Amino acid sequence: MRIGFGLPVSGTWATPERVARIAEAAEQRQYDSLWSFQRLFVGAEQDVDPVYRSVLDPLVALAFAAARTERIRLGVAVVNLPFVSPAYLAKQVGSLDVLSGGRVDLGLGTGWSEAEFVATGASGQRRAARTREFVAVLRTLWRDEVSAFDGELYTLPPGRMAPRPAQEGGVPILLGGSVPAALRRAGEIADGWVSRSAHDLTRIGRDVELVRAGAEAAGRDPDALRIVCRGVLFRPGGEMLTGSWEKIREDVAWLGTQGVTEVFYDLNFDPTIAGPDVDPDAAEERALDILHNLDPRGLS
């Protein structure tokens with residue numbers, strides 16, 4: 001089981017100094033990865049979780065963390081693909097992969113906030129087809145000597161994008177989603193699946209089976225897929241990843257029996273850490289305490 005940690009990207013603790021210190025501490029304690037997420041725009045009258053009110057750009061935050069680390073992987077869960085062109089994102093993520101020495105993982109989602117669709121001029125229609133074409137464009141830009149794509153929603157004239165990502169074959173792509181069709185699609189076309197912040201982890205085994213079924217139906221090896229779990233700690237009323245340190249470790253071990261290959265502890269959804277009015281020093285102190293006590297070297 002690989003264990004990662006969420007970067008400070010939401011709320012008052014998302015400052016340059018704290019991003020650097022959390023990134024360096026996670027690498028020092030041999031966490032496998034650092035993760036960010038995207039929240040682009042919040043409507044003035046929109047009823048959303050307070051932790052969404054102030055969020056750093058996910059790729060910029062990862063680039064900043066990349067400059068302060070050497071080994072740890074850098075993931076985003078997720079970028080909402082309708083809001084950007086695949087060619088533009090391919091250039092951004094490919095450049096980050098080059099500059100970080102081949103450490104990037106790209107999670108993709110289809111978005112849910114109506115305010116963000118309006119603000120970006122994006123369409124919420126044809127999400128399944130859009131996802132398939134978007135991934136195909138990324139693949140050709142990162143892998144082929146001459147890239148080209150002619151689809152219903154995206155067109156890429158024959159051409160080249162350089163430099164290519166440092167990772168052979170391109171940056172790994174993880175798809176989000178929670179409905180059965182999205183889960184199967186992750187197995188069919190992506191390198192894996194990443195769960196969302198509100199996912200019911202007690203039923204994740206059933207979701208993993210749908211992802212694996214998608215891979216099998218597409219003639220792919222389900223054992224090669226990565227199953228990444230966003231581990232929101234201490235969720236009020238939650239059954240998983242709460243309680244004592246020992247209980248949290250036991251929960252992580254149980255997730256492994258359900259097919260999960262990676263868990264990252266994400267404190268950006270904890271209102272006592274990432275809330276808009278939280279004292280940032282207190283938030284950092286608590287986060288470092290959690291990071292220390294859940295040191296992956298202690299997970300059997």
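**A tour starting from Gln 38**

Select Gln 38 in this predicted model, and then display the residues it touches, which, once those up to four places away in sequence are set aside, are Pro 58, Val 78, Val 79, Asn 80 and Phe 83. To see where you are along the chain, colour by secondary structure: Gln 38 sits in the loop that runs between strand β2 (33–36) and helix α2 (58–67).

Next, keep Gln 38 selected and add Asn 80, looking for the backbone nitrogen of Asn 80, which lies 2.8 Å from a polar atom in the side chain of Gln 38. Now switch on a surface and ask whether Gln 38 is buried or exposed. Its relative accessible area is 11%, and because buried means under 20%, Gln 38 counts as buried.

Then zoom out and select the whole protein, in which you can follow ten helices and ten strands. Of its 300 residues, 53% are buried, while the surface that remains exposed comes to about 13,200 Å², with carbon and sulfur atoms supplying 50% of it.

With the whole chain still selected, turn the view along the principal axes, where the C-alpha atoms fill a box of roughly 55 × 40 × 40 Å. The radius of gyration is 18 Å, which agrees with the value near 19 Å that a compact globule of 300 residues would have. If you display contacts between residues at least 6 apart in sequence, 72% of them join residues at least 24 apart.

Finally, colour the charged residues, and you will find 33 positive and 41 negative charges, whose mean positions are 4 Å apart.

Technical notes: Residues numbered from 1 in each chain as written. Predicted model: local features only at pLDDT ≥ 70, side-chain atom pairs only at ≥ 80, totals over all residues. Heavy atoms only, no water. Helix = DSSP H or I, 4+ residues; strand = E, 2+ residues; numbered from the N terminus. Rg over C-alpha atoms; globule rule 2.2 N^0.38 Å. Buried < 20%, exposed > 50% of the residue type's maximum accessible area, 1.4 Å probe, protein only. Contact = heavy atoms within 4.5 Å. Areas by Shrake-Rupley, 256 points an atom, 1.4 Å probe, with all protein chains shown as cover. Lys, Arg positive; Asp, Glu negative; His and termini not counted. Charge placed at Lys NZ, Arg CZ, Asp CG, Glu CD. Polar contact = N/O pair within 3.5 Å; in protein donor to acceptor, adjacent residues only side chain to side chain.
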